[in-house]
Protein chains: 2
Amino acid sequence: MKHFERLFNPRSIAVVGVSEDAVRPGSQTVRTLLRNGYAGRIYPVNPKYPQFEGMKCYPSVEAIGGEVDVVVIGVPAGGVVAVIEQCAAKRVPFAVVLSGGFRESGPEGITRQARMLAVAREAGMRIVGPNCLGLANIHDGVYAAFGSITRPPQLRNGAVSLVTQSGGFGYSIALACAAAGIGFRNVIATGNEADIDTVEFLDALLEDDETKIIVAYIEGLANGRALLEVGRRALAVGKPLLVWKGGVTEQGAHAAASHTANLTGSYDFYQAAFRQAGIVEIREIHEAVDYIKAFESRRFPAGRKVAVMGGSGGSAIVFADAGEHAGLTLAGFTDETKRKLARVVPDIGAVHNPVDFTAGYIAGGNAENFGTAVRAVLDDENVDAVCLNFATTAGAACHAGAEVLARIAPDGGKPIVVFLSTPPSESGDALPVFEAAGIPVFPSPVRAAKALAVLADYAQAQARQAGQFTSAFSADEDIGQGLRPALLRNAVGALSEADSKGILEGMGIAVTRDVLVRCIDDVPFDTMTPPFAVKIASADIAHKTEIGGVKLNVRTRDELAAAIDEVLVNARSLAPQARVDGVIVSEMLSGGFELIAGVVNDAVFGPVVVVGAGGVHAEILADTACRLAPFDEATARDMIDELRCRPILDGVRGSAALDVGAIVRTLVTLSQFAWHNRHRIAELDINPLFALPGGAVAADALIVMRSRSDAV
Amino acid sequence: MKHFERLFNPRSIAVVGVSEDAVRPGSQTVRTLLRNGYAGRIYPVNPKYPQFEGMKCYPSVEAIGGEVDVVVIGVPAGGVVAVIEQCAAKRVPFAVVLSGGFRESGPEGITRQARMLAVAREAGMRIVGPNCLGLANIHDGVYAAFGSITRPPQLRNGAVSLVTQSGGFGYSIALACAAAGIGFRNVIATGNEADIDTVEFLDALLEDDETKIIVAYIEGLANGRALLEVGRRALAVGKPLLVWKGGVTEQGAHAAASHTANLTGSYDFYQAAFRQAGIVEIREIHEAVDYIKAFESRRFPAGRKVAVMGGSGGSAIVFADAGEHAGLTLAGFTDETKRKLARVVPDIGAVHNPVDFTAGYIAGGNAENFGTAVRAVLDDENVDAVCLNFATTAGAACHAGAEVLARIAPDGGKPIVVFLSTPPSESGDALPVFEAAGIPVFPSPVRAAKALAVLADYAQAQARQAGQFTSAFSADEDIGQGLRPALLRNAVGALSEADSKGILEGMGIAVTRDVLVRCIDDVPFDTMTPPFAVKIASADIAHKTEIGGVKLNVRTRDELAAAIDEVLVNARSLAPQARVDGVIVSEMLSGGFELIAGVVNDAVFGPVVVVGAGGVHAEILADTACRLAPFDEATARDMIDELRCRPILDGVRGSAALDVGAIVRTLVTLSQFAWHNRHRIAELDINPLFALPGGAVAADALIVMRSRSDAV
């Protein structure tokens with residue numbers, strides 16, 4: 001928290017806008033500070049009152065004699081800038097502006113926000129909000145906040161911090177966690193983010209020793225790449241970062257646009273960042289609860305092979321279904337495990353996975369057998385994690401079962417999770433036993449399975465990052481000469497196909513054999529292999545097909561002559577303004593599968609590489625995968641594995657397997673090129689990129705430069 | 001409940017197997033009957049005791065003087081058949097066999113179950129179980145049950161009945177519902193279903209006036225078609241039927257197979273039955289809770305256009321996202337609505353959808369404005385339902401808001417749902433107000449959106465069924481002559497392509513123009529249009545491609561002669577046993593899109609029609625849709641709309657739209673043929689079925705007859 005230390009642990013807080021009206025934000029702040037035993041000094045500010053809540057009330061910030069670390073401002077919008085000016089004069093390091101009436105409220109508010117920010121920047125003061133519920137440090141009773149954050153139920157101390165761009169919705173996540181017994185460290189509602197934004201808060205929380213898990217609700221970010229980077233740092237320090245992205249659909253994004261003026265960015269790119277940084281995406285409130293419970297157990301599976309045990313066959317089936325959906329497989333037990341189980345499981349049960357130890361097995365009188373059975377499964381080298389279906393087990397039996405697991409849990413690092421449907425009132429006080437032992441309990445086998453899958457995802461992401469993100473990609477000097485093509489230096493607008501392909505070739509990406517001609521006599525027909533593609537060559541014609549500028553499957557010399565004439569005539573009549581360089585004659589490829597690959601230089605995320613199924617699939621199936629550039633081969637392989645058309649690349653109907661390695665290398669090269677030239681390139685499209693049995697070949701390409709106005 | 005009246009409302013219950021050991025099933029049953037004030041007579045049976053729980057204990061069923069409606073049997077498996085024989089002798093109409101040790105436990109148990117069933121059938125006695133938790137009629141304190149069903153918490157009276165093939169898991173659903181305040185009518189754990197199965201219970205519940213909503217957990221059914229039929233009856237009488245299907249994945253089905261011996265059936269076919277009958281599929285425990293709460297409100301939307309209102313922008317965004325995923329659209333308001341809202345919503349709020357009435361708007365002092373705003377939105381003709389995001393609204397404000405909605409709710413039939421994250425303890429006793437008004441409250445905007453979507457789905461299914469399921473398909477005599485082809489009468493095994501296509505043509509499905517030849521001279525070359533497909537004609541060769549029996553894109557007469565020779569030679573060398581009828585020369589189609597269509601005659605569901613993307617898509621994308629035959633055009637259209645390749649049929653890249661009507665008619669015809677010939681046909685494949693701009697044409701076809709051994 002280094003530079004935010006005084007914000008989260010202020011020695012003194014001034015609250016501007018206290019009032020006899022208890023619902024005024026400032027009044028709520030002061031009362032909450034008092035109620036929670038905040039240990040620092042509180043300075044209420046309102047010229048109308050000599051005293052507030054038994055404390056001296058100051059007429060202005062200036063009038064406060066002592067040093068002030070944080071000023072909380074709850075006055076109407078029109079008065080905020082004047083208060084900020086006083087804070088600046090007093091060298092206050094942090095202001096939390098609760099007041100609304102800024103960017104979110106139209107032109108006047110936008111101007112007001114800009115003025116406020118200018119004053120703060122000039123003075124080196126940092127601002128939280130405006131238009132926010134504020135922030136709280138639960139451990140130390142620090143509440144620079146109002147509204148739901150200050151109302152009961154009081155959050156208990158814990159290791160979770162929340163950063164939310166929506167006070168009302170974000171705090172709903174906190175309330176659900178609180179109801180499940182989860183404790184908190186910091187809660188931050190960021191409001192308009194005029195100054196300090198979500199990512200900067202996330203970064204600060206990584207430095208806070210008391211924060212072990214972070215949850216964020218995000219509607220939009222001005223800098224998506226910063227999220228990738230803070231996510232990677234979070235993964236590196238082992239603090240799980242859970243993110244809910246709001247506004248992921250068209251109608252959700254539309255609602256977000258009318259709610260805030262944040263740039264939202266493409267959801268695909270957010271998901272790419274999540275995957276590349278090991279960020280855990282949540283899409284339901286109970287997912288936050290479940291995954292935090294799982295992470296708080298601090299036990300991670302080494303793989304995705306799980307065992308499920310219980311007396312309820314149906315619960316095991318449901319767990320198996322949900323596990324398969326979440327990418328978990330039921331482990332096959334060793335013979336030794338089955339022998340061990342056979343000694344303690346009734347004959348009418350089952351000693352394979354799912355283990356059916358029959359109804360009534362979990363009971364005080366059977367604790368030893370139950371413990372032996374669970375240990376046998378946990379000790380199996382094929383098992384990475386275990387789910388115990390307690391289901392409707394109740395009362396003393398439930399308690400006894402919990403005690404058995406609590407004794408076993410510390411023995412091994414493998415996660416144990418429990419499905420229990422008995423209400424707390426009937427579960428024989430088993431819940432505190434489970435909690436003390438760090439064994440998360442879930443109210444459905446589906447949720448138990450998903451939580452285990454998230455633990456496995458996280459463990460995999462952590463294992464992978466070890467050598468990966470620190471690799472060559474950060475150092476621009478490692479990038480080869482081909483990634484700095486001379487052609488780009490003075491290029492403007494769209495490059496021609498020939499120039500685009502030339503640049504690809506320069507960086508080592510294979511392209512089709514092409515010749516640029518003006519008539520049939522220019523074509524070295526005898527040295528080329530039909531069929532040919534004939535395409536108009538003009539940097540001014542980006543969509544060649546639409547003006548009849550493409551002829552495919554041209555075979556004979558006569559057909560070729562006619563095709564060359566036709567595309568020239570079409571271009572002249574349908575794109576009369578275009579400067580035409582001639583006609584490209586390309587050897588057509590066959591026997592492969594058409595992909596598309598490309599780069600989008602996004603305003604929020606910067607350069608992103610996309611790969612997808614090409615041809616008719618591209619338009620219909622939207623079968624694409626993307627990652628933020630630059631990235632390594634393992635990441636490129638993940639992208640390809642995400643495609644629904646992935647099995648085609650292994651060969652179908654007896655056809656040869658296609659060269660996935662070549663596609664991987666192409667994507668990695670594109671990602672390096674995209675990163676290195678991010679200030680120059682607007683987009684790059686390879687359509688199609690032919691995946692062949694021995695290589696990947698760009699059959700058409702288009703590079704578009706950024707205009708100067710949107711250059712970074 | 002007509003024929004099950006005495007099972008669910010017995011005048012007397014005998015319990016065989018009571019014991020001083022309180023955990024014995026029979027002891028649990030009697031104690032539970034006493035505790036719940038069962039009004040009929042209880043006859044404990046055990047020769048060891050003269051008395052049990054202060055009642056006379058009988059040495060045997062025979063020794064009971066009075067009439068017995070239900071005998072509950074909890075003795076060890078070995079003694080069950082003897083008890084059943086006594087029941088038979090005494091003409092007891094129903095036995096509930098709690099004991100395990102039957103079909104689920106191996107060969108001996110299978111024999112035991114068969115003997116028990118034979119005795120019962122002979123006497124006209126019906127059996128529940130064996131190996132089950134039994135059943136309960138909550139309203140009347142009838143518990144022919146043990147285990148979790150008999151333990152606290154006591155279910156409260158209500159309108160929901162539960163039928164479950166897994167006692168432990170199914171009762172977990174009941175417990176979650178109970179925790180949400182939902183009351184129950186009947187709970188039935190069916191066990192091995194030796195006699196009465198799930199579908200028969202569902203049917204009985206449709207006749208029970210007190211049951212308004214039914215939930216079922218199903219692992220497998222012997223007769224899937226009966227589920228379709230009971231589902232349609234449930235839809236017709238307006239009792240929502242919610243079904244969780246366990247064992248829907250490969251590993252889930254594998255777990256189910258080791259748990260029970262039920263036939264499981266393909267999940268695709270279950271889902272088809274769900275869609276055709278308006279059955280609501282559930283895949284999480286809280287979905288059962290949420291959808292029941294929504295259905296209990298008895299308000300249904302006329303369409304899928306929803307409004308969302310609140311002071312929490314983030315909650316509205318999340319609702320919009322979830323709504324889009326669930327097929328809901330945010331309604332556009334009329335200008336009148338916006339004018340009405342503008343009068344009561346603060347200027348800094350928003351009067352379009354989502355309505356942002358700003359934080360703190362829901363409050364006692366603002367009740368009139370709040371009510372006016374909600375009424376304005378409900379009165380908008382474009383709005384089918386409204387979600388109110390109370391979010392973190394708490395205390396008196398929350399209560400006041402609930403009162404406002406409770407006053408409005410009776411006015412219109414449009415559903416009102418609420419998202420509230422405040423815990424019950426802090427919500428100002430608002431929950432009873434909402435409950436009394438029939439306004440369901442959900443703990444996340446996602447769950448609110450999904451519940452509204454389910455209500456809309458159900459209303460749509462009800463609207464559609466009105467004229468549909470009662471149509472011609474039930475009457476075989478309406479079926480045309482083409483659907484009873486003479487060729488089928490004595491057919492055995494696989495039919496040849498020519499015969500299969502002949503049958504298709506006979507029922508009005510277009511096929512490619514083919515000639516069956518023995519050599520090139522048989523081909524009327526001048527009257528046919530190349531390119532041609534050349535295919536070996538043999539009923540013994542089902543997979544022609546694999547033996548080199550297919551040549552495509554044959555153009556000239558010479559190529560054709562060579563192709564005919566080649567496939568004949570290949571067939572002779574690679575399928576020497578096959579009887580070869582000759583060679584089929586077909587005009588190849590182009591300009592369309594390849595589909596596959598066919599019929600599977602499933603052991604559990606009977607004839608099912610499948611349609612899907614053909615060619616390489618068929619193998620890779622698994623893009624298929626299916627419905628149980630027979631069905632109407634609207635259903636066929638649904639199938640096509642489900643395909644991911646659906647947009648291709650509308651024409652892509654400027655190509656003509658394809659004839660969806662022809663595909664629809666083809667599927668309906670196939671469904672009628674499949675139903676009419678269900679006792680004879682094993683499968684029918686049209687691969688490919690060419691979708692063309694003017695028609696749908698079968699380019700290849702294969703009909704396989706059922707063997708006599710599996711004929712129905």
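Reader: Is Glu435(A) buried, partly exposed or exposed, and what is its relative accessible area?
Author: This is a predicted model, and its values are computed. Buried means under 20% relative accessible area, and exposed means over 50%. Glu435(A) falls in between, so it is partly exposed, with a relative accessible area of 48%.

Reader: Which residue forms a salt bridge with Glu435(A)?
Author: Glu435(A) sits in helix H15 (residues 430-436) of chain A. Its partner comes from a distant part of the chain, 279 residues apart, in the loop between strand S9 (142-145) and strand S10 (157-164). The closest N and O atoms are 3.0 Å apart. The partner is partly exposed, at 45% relative accessible area. It is Arg156(A).

Reader: In the salt bridge of Arg283(A) and Glu281(A), which residue counts as buried?
Author: The two side chains meet at 4.0 Å, N to O. Arg283(A) has 48% relative accessibility, so it counts as partly exposed. At 15% relative accessibility, the buried residue is Glu281(A).

Reader: Which helix holds both Lys340(B) and Glu336(B)?
Author: These two residues form a salt bridge, with the closest N and O atoms 3.8 Å apart. Lys340(B) is partly exposed at 22%, and Glu336(B) is partly exposed at 45%. They are 4 residues apart, about one turn of the helix. Both lie in helix H12 (residues 335-344) of chain B.

Reader: How many salt bridges does a search of the whole structure find?
Author: Some residues are linked in a network of salt bridges, including Glu497(A), Lys501(A) and Asp514(A). Lys535(A), Lys544(A) and Asp700(A) belong to that network too. Over all chains, the search finds 60.

Reader: How many salt bridges does the rule find across the interface of chain B and chain A?
Author: Here 74 residues of chain B are in contact with 74 residues of chain A. The chains bury about 5300 Å² between them, 62% of it on carbon and sulfur atoms. The rule finds 28 residue pairs in polar contact across the interface. For salt bridges, the number is 0.

Reader: Which helix gives the most to the side of chain B that touches chain A?
Author: The residues of that side divide into 33 nonpolar, 28 polar and 13 charged. One helix of chain B gives 10 residues, the most. That helix is H11 (residues 313-325).

Reader: What relation do chain B and chain A have?
Author: Chain B can be laid on chain A with an RMSD of 0.1 Å. The move is a turn of 180 degrees and a shift of 0.1 Å along the axis. In addition, 100% of the interface residues of chain B are also interface residues in chain A, so the copies meet through the same surface. The relation is that of a two-fold axis.

Reader: Which side chain makes a polar contact with the side chain of Ser161(B)?
Author: Ser161(B) lies in strand S10 (residues 157-164) of chain B. Its relative accessible area is 0%, so Ser161(B) is buried. Beyond its neighbours within four places in sequence, its contacts include Arg185(B), Leu205(B), Thr211(B) and Ile213(B). The polar contact, at 2.8 Å, is with Thr211(B).

Reader: How far apart in space are Val351(A) and Ala701(A)?
Author: Val351(A) is in the loop between helix H12 (335-344) and strand S17 (355-356) of chain A. Among the residues in contact with Val351(A) are Phe333(A) and Leu341(A). Val351(A) and Ala701(A) are 350 residues apart in sequence. In space, C-alpha to C-alpha, they are 59 Å apart.

Reader: Which residue does a cis peptide bond join to Asn687(A)?
Author: Most peptide bonds are trans. In this cis bond, omega is about 5 degrees. The partner is found in strand S29 (residues 681-692) of chain A. It is Pro688(A).

Reader: What is the phi of Glu193(B)?
Author: Most residues other than glycine have a negative phi. Glu193(B) is found in the loop between strand S11 (184-189) and helix H6 (198-206) of chain B. At 13% relative accessibility, Glu193(B) counts as buried. Its phi is positive, near 55 degrees.

Note on methods. Residues numbered from 1 in each chain as written. Chains lettered and ligands numbered in written order. Predicted model: local features only at pLDDT ≥ 70, side-chain atom pairs only at ≥ 80, totals over all residues. Heavy atoms only, no water. Contact = heavy atoms within 4.5 Å. Buried area = accessible area lost by both parts, 1.4 Å probe. Polar contact = N/O pair within 3.5 Å; in protein donor to acceptor, adjacent residues only side chain to side chain. Helix = DSSP H or I, 4+ residues; strand = E, 2+ residues; numbered from the N terminus. Nonpolar A, V, L, I, M, F, W, Y, C, P; charged D, E, K, R; others polar. Buried < 20%, exposed > 50% of the residue type's maximum accessible area, 1.4 Å probe, protein only. Least-squares fit on C-alpha atoms with pLDDT ≥ 70 in both.
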